[in-house]
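I opened this model to look up how its parts pack together. My notes follow in the order in which I made them.

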Amino acid sequence: MKTILNVIWLVLSGFWLFLGYLAAGVLLCITIIGIPFGIAAFRIGVYALWPFGYTVVDRRDAGGPSCVGNVLWLILAGWWLALGHIFTGIALCVTIIGIPLGIANFKLIPVSLMPFGKEIVRSDQPFATR
């Protein structure tokens, strides 16, 4: 079932969201200071490409730098990426078949707003690896 949902997701919204995260990551990697933010964008982009079967968990070892990174991320890229998830989720919820995909899109909003201090793991192991 996860594979079927992932394939439908890929066709309807996953590829376009991945391209948005890829563009944000490339723009953020232009400067040396932005490289950690670009890496976070690439990490979330892969998650947005194939989300079913994975979940986001909090990392216990994340501290102050993650908080500062989240504030900067929110200003630099988070709002735009979250808006992409909101509009795509609303568009997917128009049809009955797209409702589960729209809900999955809404679940990506928190990680797109504040990605630092989060880890993406398989659903069968819902704990951070660190």
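**Entry 1: Ile8 and Ile97**

I began with Ile8, which sits in helix 1. I number residues from 1 along each chain as its sequence is written, and side-chain values use heavy atoms, with hydrogens and water left out. The model is predicted, so local features need pLDDT of at least 70, side-chain atom pairs count only at pLDDT 80 or more, and totals for chains, interfaces and linings use all residues. By helices I mean DSSP runs of H or I with at least four residues, by strands runs of E with at least two, both numbered from the N terminus.

Ile8 is partly exposed, as its relative accessible area is 31%. The scale I used calls a residue buried under 20% relative accessible area, exposed over 50% and partly exposed in between, with a 1.4 Å probe and protein chains only.

I then looked up Ile97, 89 residues from Ile8 along the chain, and found their C-alpha atoms separated by 9.8 Å. Ile97 belongs to the loop between helix 3 and helix 4. It counts as exposed, at 67% relative accessibility. Ile97 and Ala77 are 20 residues apart along the chain, and their C-alpha atoms are separated by 30 Å.

**Entry 2: helix 1 against helix 3**

Two packed helices are described by the angle between their axes and the distance between the axes. Axes here are lines fitted to C-alpha atoms, for helices over the stretch in contact, and angles run from 0 to 180 degrees between N-to-C directions.

I found that the axes of helix 1 and helix 3 cross at roughly 170 degrees and come within 11 Å. The two helices are therefore roughly antiparallel to each other. The classes are roughly parallel for angles under 35 degrees, roughly antiparallel over 145, roughly perpendicular from 65 to 115, and oblique for the rest.

On the helix 1 side the contact includes Trp9, Ser13 and Tyr21, and on the helix 3 side it includes Trp73, Leu81 and Thr88. Contact means heavy atoms within 4.5 Å. I sorted the residues of this contact by class and got eleven nonpolar, five polar and no charged. Ala, Val, Leu, Ile, Met, Phe, Trp, Tyr, Cys and Pro count as nonpolar, Asp, Glu, Lys and Arg as charged, and the others, Gly among them, as polar.

Is Ser13 buried or exposed? Ser13 is buried, with 1% relative accessible area. This residue of helix 1 is in contact with Thr88, Leu92 and Asn105, leaving aside its neighbours within four places in sequence.

**Entry 3: helix 3 against helix 4**

Next I took helix 3 (residues 64-92) and helix 4 (residues 99-107), which pack at about 165 degrees with their axes 7 Å apart. That angle makes helix 3 roughly antiparallel to helix 4. Among the residues in this contact are His85 and Ile90 of helix 3, and Asn105 and Phe106 of helix 4. I noted six nonpolar, five polar and no charged residues in this contact of helix 3 with helix 4.

**Entry 4: helix 2 against helix 3**

Which residues of helix 2 meet helix 3? They are Phe37, Ala40 and Ala41, set against Gly69, Leu72 and Trp73 in helix 3. By class, I recorded five nonpolar, one polar and no charged for this contact of helix 2 with helix 3. The axes of helix 2 and helix 3 are 11 Å apart, at an angle of about 75 degrees. That makes helix 2 roughly perpendicular to helix 3.

**Entry 5: the core**

I looked up the largest nonpolar core, which has 21 residues, with Trp9, Trp73, Leu81 and Leu108 making the most contacts inside it. Such a core is a set of buried Ala, Val, Leu, Ile, Met, Phe, Trp, Tyr and Cys residues joined through side-chain atoms within 4.5 Å. Helix 1 (2-28), helix 2 (35-49), helix 3 and helix 4 are the elements that give two or more residues to this core. Helix 2 supplies the largest share, six residues.

Leu81 touches Gly20, Tyr21, Ala24, Trp73 and Ser112, not counting residues up to four places away in sequence.

**Entry 6: Tyr47 and Asp124**

Tyr47 lies in helix 2 and is buried, at 11% relative accessible area. Apart from neighbours within four places in sequence, the contacts of Tyr47 include Tyr54, Leu108 and Ile120.

My last check was Asp124, in the segment after strand 2 (118-122). Asp124 counts as exposed, with 61% relative accessibility. From C-alpha to C-alpha, Asp124 and Tyr54 are 8.1 Å apart in space and 70 residues apart in sequence.
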